Every structure is written in structure tokens, then in C-alpha cells.
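Me: I have a structure open and want to talk through it. Can you take some quick questions?

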Amino acid sequence: MIEPGAWLAGRYRLDELVSETSGASFWKATDETLARPVAVWTFAEGFPRTGDVVRAARATSRIADSRVTQVFDADDTAALPYVVEEWVVGQSLGDLLAQGPMAPDRAAGLVAEAAETLATAHATGLYHLNLTPGKLMWSVGGAVKVTGIGVDAALRGLAPDNPGPLDAQGLGRLLYAALTAHWPDASSQPGLRPAPVMNGAPCPPSQVRPQIPERLNEIVCRAAFQAPMRGGPLTTPREVADALADVPRMVPLPATMTGGPAAPPTERGTSRHSGEFETVSATASPPPPPPSRRRPAAAQPDPGGPSGTSSVTKVALGVVALLVFVAVVAGAWTIGSSFGGSGDPSADGTSSDGEDGTKKDEVQLAELEPESAKGFDPPPGDGGEHDGNAKNAIDGDPSTEWKTEGYTSADFGKLKPGVGLLLDMGDPVELHEVELVLGTAGPANLEIRVGDDTDLSALESAASADGVSGEETVKLAEPAKGRYVVVWFTELPQDGKYRGTINEVKLLGNT
């Protein structure tokens, strides 16, 4: 019998038993070599599926998606076989629903990430088959994690002939739960209240919570219940991911109770970043008082003498003073000009100011609007990088994002020179600078490439920025002209796997 404090492979110390499943034990452990928490599966002697679990774990480690739980080690030849995985720190979907359902857009965005992850896993021949709210995590690093891919099915000896509909149903149930805080599968109750039943079947989510958009209600029914509604049942994770491809990817916030007060709408400032400039408070600067309604007092005679004489004298003195002031200013300007001072905007005495007060040599930049955006992974790549989410980078909302695929190293395993986001401007433009809102997982290296063709060799590097994250402005040393602009990652930050993130792109230049 294994107890806390036991060691595996001379480096993994078992700290706490989390759960047991018919001969397999799940532990929170410490990797003493790297001084980090890890999750460890151990298997009792005679457990019949140890080899299947280890093989599934090794296969999972090759999935190029940072949203899949990382597998660090697996050995079924040791005296005590084991699998070592990433210990995900964060909140599960069940945790997020403890106080009530999520806002519809946040619920859809979270499940859309899970659907894309499962679609990637299915493409490699791995499945989950046990999707519950505890398997969908929002990590403290702000990333979605799906735990149990491959391993859960192997642990339970599940090998259906057609696993696609089962995982599609699981995703539909997760979306049902996120939207309603109820669980629609009567055969299991993973910590949530059971869904209300009507005519022997769970009620559609919109009947549980009327404010759910009809489109999301249909997606849930087509996936969770395989309902033959418009478009037919969603029978694979890829179909679920495609159905949710255009939903915003938003950070899950603490849920509010059903029926509670809605959060106030985000105030829009004058910047493209919401609320960047504060609005003027009504009490900050009181309005000027209304003009007096009293009649002006009658003019009083000048005590110094007759009013006519006094007025003439004052006018004369005023004219003399004005003439002296003009003469002094003109003399000062002449002396300054002779020494080439800053008061002389041009050598020939002509002003460099335009009619609108701007300097003639200053270029007035305008925001350039792309017609479309898509992921860019030219040969030797496979051509696509989450195209369905690319528009999130140009929607004016920094809370949505586009991400590259996940890679095993910052340099793409040395298999390709880079990947990026391709912006089609429709017509050639003159680009001067690029404002970026990037992910915060870590520093990235990138280039701005511009050209008239989507072939990588035709896109010339116009600027580069190394070690960047968060908000960054990349100014081009010389304006670049072309129809296509690419934000080209040459080195990726680590976010579980390695991937680049762009929340927003703003291009400035001239058409």
C-alpha cells in the first residue's frame, strides 16, 4: 500500500492522495528535481489497464496544444508503474459555477476553447469520453486546460467504435452547465443540481434561464441531446468548435447568482481601450453660474473730470501703448531671426505651419482598417493557425484574442521560421506604425512584414521587436507599402506549450 511521502523514480514525492479509481490512484506530488508540483497516477499490482494508460499518456504528450494537460513522464516497466502530469492550479468549471451560471458569452467562450482542444485530440486518435465540469479548468495563468484527455478513457477501458458523438455530447453538457449551473445527464451528478425535467427529458437551457440567446440554446440541444434541429446534430468536437468559432474568448469572471443584478456595461472611453480616459464627473467641475438677470447699473460720471475729456485721454494713451508694444515685438523677432533662433520656422522667413496649425513636415496618420484577418502558416507549415478566431484581433475589443497553435519549443521545434497573423487591407496602404495588445504569458519576438502577395518571400520585414508582451507600439523606420500586413512571430512565449497571443492590432498610416 502506497502512502504519502513515498518516492517514485528517485524524484517524485507523493504528497496527498486526491482520488482512487478501481486500482488507479491520483496524487498531488512534488518533482524534487525541478521543485514544482505535479500530478501522479499510480497503479495497483494487477490493474489490467496500466499499459493502456501509459501508452495513452505518451500519445497525449505529443498533442501540440497548450490547452491539453502536459505529460512529463510515464513508465510501465518500473516496480511501481506511474504517469506524471502537469498539476493545474486554478478553478474548474464546477468551481466557477458554485455561485450560479456564467454570462452566456463567457460560458460559450470557455466551452469553445475546450471544443477546439478536443478537436485537436480527436485528429490524433485520442478521446476524452468523461467530460465533467471538473475536467475543464481555468488556470491561474489565464489559460484554459482540459484534463484527462486520453488517460480517462484508458483508465476506464472505454474504446467505442464511434467516439465523436460521445465527446460532442460531453461538450454540449458542459455548455448546458455553464449557462444554467445545472447538469443535464441524469446518470451522473458531478456536484451540480440536476436539470429540470419535462416529458421525461431535461429542459432546454433557455427554459431554465430565459436570457440565454437562442443560438446558444440550439447549439446545446444539437450537441448535448443530439437533437435534429436546424443544421442537424453536432456529432464531433470539430463540429461543436465550428459552431462556436465566432464567440468572444473572454476571461471567466466570478459567477453571479441567477436573477441577481446585472453588471453595468463597460464604459467606453475616447481610446480604443475601453475606459482608458476617465469621463468627467458631474461634480468635478461645476458649470458656470447663469448670467445675472439684474439690469446693469447706470454709468457713473468719471470723478476725475467731464466724461468726454476723460475718454479721449484714455483712448490716446491706449493707442500709444499699443504702438510701443508692436515695435518691441517686431524688433525682438528680427533679432531672433538673425541668429537662426527657434522662433524662425524656416530659413527663408516663410512659416512651415499649415492652415490647420500642423507642421508641414509632420505626417498625419490615420487608422487603417483591414478587410479580413487569418492565421498565417506558409510552407513548410500546414497553412492554418486558428483562422476562425483571427477576427478577434481586429474587432476593437482587447478582451478577445487570437492565438497561434501550441508548439513544443519557442522556435517551433526548428521546423519552420515562424507563424503569424495575416491582415488583408484590400488595397495597398502605406504603413507607419503598428499598435499591439499581446498576451502576457511571457516575452515574444516578432516582425512586421508587408507586401503585395501572401507568399512569405514577397513579404518584406519592415520592423522587428524582441522580448515584447502586453501593449507594444512598433514604429517602422521607413514607411512600408503593400496590401498585406503580417504580425510574424519568430519566437513564442511559453503558455503551457509555446504559443503567441494577439488581443488587438491597430495599424496606422496612409491609404
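Me: Which residues line the second largest cavity?
Reply: This is a predicted model, and in it the lining of that cavity is made up of Thr60, Val68, Thr69, Val71, Glu85, Val146, Gly148, Ile149 and Val151.

Me: How do those split by class, and what is the volume?
Reply: Five are nonpolar, three are polar and one is charged. The volume of the second largest cavity is about 30 Å³.

Me: How many cavities of 30 Å³ or more turn up in the whole structure?
Reply: The search finds two. The largest cavity holds about 60 Å³ of space.

Me: What lines the largest cavity?
Reply: Its lining consists of Arg67, Glu113, Glu116, Arg249, His386, Asn389, Glu401, Trp402 and Lys403. By class, that is six charged residues, two polar and one nonpolar.

Me: Which helix and strand supply at least two of the lining residues each?
Reply: Helix 3 and strand 16, the latter covering 402-403.

Me: Let's stay with Glu116. Where is it?
Reply: Glu116 sits in helix 3, which spans residues 104-123.

Me: Buried or exposed?
Reply: Glu116 counts as buried because its relative accessible area is 9%, and the cut-off for buried is under 20%.

Me: Which side chains does the Glu116 side chain make polar contacts with?
Reply: One is the side chain of Arg67, at 2.9 Å. Another is the side chain of Asn389, at 3.1 Å. Arg67 and Asn389 are both among the residues lining the largest cavity, as is Glu116.

Me: What else is Glu116 in contact with, leaving aside neighbours within four places in sequence?
Reply: Besides Arg67 and Asn389, the list has Asp65, Ala241, Arg249 and His386.

Me: And Glu401, where is that one?
Reply: Glu401 is in the loop that runs between strand 15 (372-376) and strand 16. Its relative accessibility is 18%, so Glu401 counts as buried.

Me: What does Glu401 touch, again without the neighbours within four places?
Reply: Glu401 is in contact with Glu113, Arg249, Asn389, Asn392, Thr501, Ile502 and Asn503. Of these, Glu113, Arg249 and Asn389 are also in the lining of the largest cavity.

Me: Change of topic. How many residues of helix 7 are buried?
Reply: Nine of the 11 residues in helix 7 (residues 214-224) are buried, which leaves the helix mostly covered. They are Leu216, Asn217, Glu218, Ile219, Val220, Cys221, Arg222, Ala223 and Ala224.

Me: What do they pack against?
Reply: The buried residues of helix 7 pack against helix 3, helix 5 (164-180), helix 6 (205-208) and helix 8 (237-243).

Me: What about the loop before helix 7, say Gln211: how far is it from Leu179 in space?
Reply: The C-alpha to C-alpha distance is 9.7 Å, with their positions 32 residues apart in sequence. Gln211 lies in the loop between helix 6 and helix 7. At 48% relative accessible area, Gln211 is partly exposed.

Me: Now backbone angles. What is the phi of Gln226?
Reply: Gln226, just after helix 7, has a positive phi of about 50 degrees. Most residues other than glycine have a negative phi.

Me: What phi does Ala35 have, and where is that residue?
Reply: Ala35 is not a glycine, yet its phi is positive, about 55 degrees. Ala35 is in the loop between strand 3 (24-31) and strand 4 (36-43). Its relative accessibility is 65%, so Ala35 counts as exposed.

Me: And Leu129, buried or exposed?
Reply: Leu129 is buried, at 18% relative accessible area. Leu129 also has a positive phi, about 70 degrees, although it is not a glycine. Its loop runs between helix 3 and strand 8 (136-139).

Me: Last, the whole chain. How many helices and strands are there?
Reply: The protein has nine helices and 23 strands. It has 511 residues, and 45% of them count as buried.

Me: What share of the contacts join residues at least 24 apart in sequence?
Reply: 67%, taken among contacts between residues at least 6 apart in sequence.

Me: And how much surface does the protein expose?
Reply: About 26,600 Å², with carbon and sulfur atoms supplying 54% of it.

Technical notes:
Residues numbered from 1 in each chain as written. Predicted model: local features only at pLDDT ≥ 70, side-chain atom pairs only at ≥ 80, totals over all residues. Heavy atoms only, no water. Helix = DSSP H or I, 4+ residues; strand = E, 2+ residues; numbered from the N terminus. Buried < 20%, exposed > 50% of the residue type's maximum accessible area, 1.4 Å probe, protein only. Polar contact = N/O pair within 3.5 Å; in protein donor to acceptor, adjacent residues only side chain to side chain. Contact = heavy atoms within 4.5 Å. Areas by Shrake-Rupley, 256 points an atom, 1.4 Å probe, with all protein chains shown as cover. 1 Å grid on protein atoms, 1.4 Å probe; cavity = no way out; pocket = protein on both sides within 12 Å on 5 of 7 lines; lining within 4 Å. Points joined across faces, edges and corners; volume = space filled by probe spheres on them. Nonpolar A, V, L, I, M, F, W, Y, C, P; charged D, E, K, R; others polar.
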